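Open the model in your viewer and set it to cartoon, with side chains hidden until a stop calls for them. The tour below goes from one selection to the next.

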Amino acid sequence: MSANKDAILLRINKEDQVKALQELGFTDVTYNTPLSEIAEYIRWAGGLRDLRIACVKISDGSIHNFTGEDWSAMSANAKSQYSKIGVNIRARKREFIVAAADCVSSSGGSTFKFGGYGTDFKNVKNYAAGNTGLFDVNTGYEDTKAIIEQTAGKTDSQSTTGAPAAEAAWNYKANSYDPMQWYLPSVTELRLICEYKTEINAFLTKYFAGGTIAGDWYWSSTEYDSSSSWGVGMNYGGSYNRYRNYTSRVRAVCCPVVSSAE
């Protein structure tokens, strides 16, 4: 009888867990999902699930993600079939790929002006004082695209042409095999990078031989008002509006096309 009761309790508990995870947006979780995987999803919902090496398969351009342990266990021949492009992070219900290095200008500079000073970008919501939902902005992809389109060929009142920060992220390529469309992260994505900067930097050092995130200001694609956009200070995690004629670093991100492991 006791064993039957325990089985019933486990079943009820799992059903509740599955329901809760589905309500959080993990629609691929079902009652058939193993308990070990459900535990990983629970970690993902509330914190850092894992960091993985995002790679492009050279033969067909598909994206694959490997844990550090799996990558280290691969033979040199197996590794040669892939080209590393960044760090896949799964944390707090989100997943995206962080570039393995900051963007660098054609002249070798490591900071960029935002551009578009005085422009209230169309179809880009601004989050000035009093606006709510700032940290619910999911991805910076659409905002980056809109910013570039609306500043193309234009010089703002501060003598900046185009949108240097957004363009740097949009045009970023990890290497010649890289098929991804990178973009300037939303303030939410940037804050997540900051939250797990220590873990990401350790991962970058071990598997990418550098490219760590500096304790400096980084631009997001999230608008504050017509003259300012949100930036995140990676030294202590503060999020502030910064005038667009200021300079900050840029770390591109992209959405994973495939989330597989081999």
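Start with Tyr 207 and show its side chain: at a relative accessible area of 11%, Tyr 207 is buried. The coordinates belong to a predicted model.

**Stop 1: helix α8**

Now add Phe 203. Phe 203 and Tyr 207 both belong to helix α8 and sit four residues apart, about one turn of the helix. In an α-helix there are 3.6 residues a turn, so residues three or four places apart point the same way. Phe 203 is buried as well, with a relative accessible area of 9%.

Widen the selection to residues 197–208, the whole of α8. Its buried residues are Lys 197, Ile 200, Asn 201, Phe 203, Leu 204, Tyr 207 and Phe 208. Look down the axis of α8: the buried residues fall within an arc of 160°, so they line one face of the helix. Turn to the other side of α8, where Thr 198 and Lys 206 are exposed.

What covers the buried residues of α8? Show β1 (48–57), α3 (68–73), β3 (82–91) and α7 (187–195), which are among the elements that do so.

Step past the end of the helix to Ala 209, which follows α8. Ala 209 lies in the loop between α8 and β6. Its phi is near 55°, a positive value in a residue other than glycine. Is Ala 209 buried or exposed? Its relative accessible area is 75%, so Ala 209 is exposed.

**Stop 2: the sheet β6-β7-β8**

Select residues 217–223 for β6, 228–233 for β7 and 239–243 for β8. Together they make an open sheet of three strands in the order β6-β7-β8, with antiparallel pairing. The edge strands, β6 and β8, each pair on one side only. From one strand to the next, the twist averages 45°.

Take the pairings in turn. β6 and β7 pair over four bridges, and a hairpin joins β6 to β7 through four residues. In this pairing Trp 219 stands opposite Gly 231 in β7. On the other side, β7 and β8 pair over five bridges, with Trp 230 opposite Asn 241 in β8. The hairpin of β7 and β8 has five residues between the strands; pick out Gly 237 there, which takes a positive phi near 90°.

Colour β7 by burial. Six of its six residues are buried. Which residues of β7 are buried on each side? One side carries Ser 228, Trp 230 and Val 232, the other Ser 229, Gly 231 and Gly 233, and both faces are covered.

Bring back α7. This helix lies across β6, β7 and β8 and runs at about 10° to β7.

**Stop 3: aromatic pairs**

The whole structure holds eleven aromatic pairs. Select Phe 114 and Trp 219 for one of them. Their ring centres are 5.0 Å apart and their planes at 65°, so the pair is edge-to-face. Phe 114 is in the loop between β5 (112–113) and α5 (141–151), while Trp 219 is in strand β6, so the pair ties together parts that are 105 residues apart in sequence. Phe 114 is buried at 0% relative accessibility, and Trp 219 is buried with a relative accessible area of 0%.

Return to Phe 203 and Tyr 207. The ring centres are 4.8 Å apart and the planes at 50°, so this pair is tilted.

Next, show Phe 66, Trp 71 and Tyr 82, which form one aromatic cluster.

**Stop 4: the nonpolar core**

Which residues of the largest nonpolar core touch the most other members? Of its 64 residues, they are Trp 182 and Ile 193. Centre on Trp 182 and show its contacts. Leaving out residues up to four places away in sequence, Trp 182 touches Ile 85, Ile 97, Val 98, Ala 99, Ala 169, Trp 170, Tyr 172, Ala 252, Val 253 and Cys 254.

**Stop 5: Ser 159**

Finish in the loop between α5 and α6 (164–170), where Ser 159 is found. Ser 159 has a positive phi of about 70° although it is not a glycine. Its relative accessibility is 62%, so Ser 159 counts as exposed.

Technical notes:
Residues numbered from 1 in each chain as written. Predicted model: local features only at pLDDT ≥ 70, side-chain atom pairs only at ≥ 80, totals over all residues. Heavy atoms only, no water. Buried < 20%, exposed > 50% of the residue type's maximum accessible area, 1.4 Å probe, protein only. Helix = DSSP H or I, 4+ residues; strand = E, 2+ residues; numbered from the N terminus. Pairing = 2+ DSSP bridges. Arc of directions from axis to C-beta. Contact = heavy atoms within 4.5 Å. Core = buried A, V, L, I, M, F, W, Y, C linked by side-chain atoms within 4.5 Å. Axes fitted to C-alpha atoms, helices over the stretch in contact; angles between N-to-C directions. Phe/Tyr/Trp six-rings, centres within 6.5 Å; stacked < 30°, edge-to-face > 60°.
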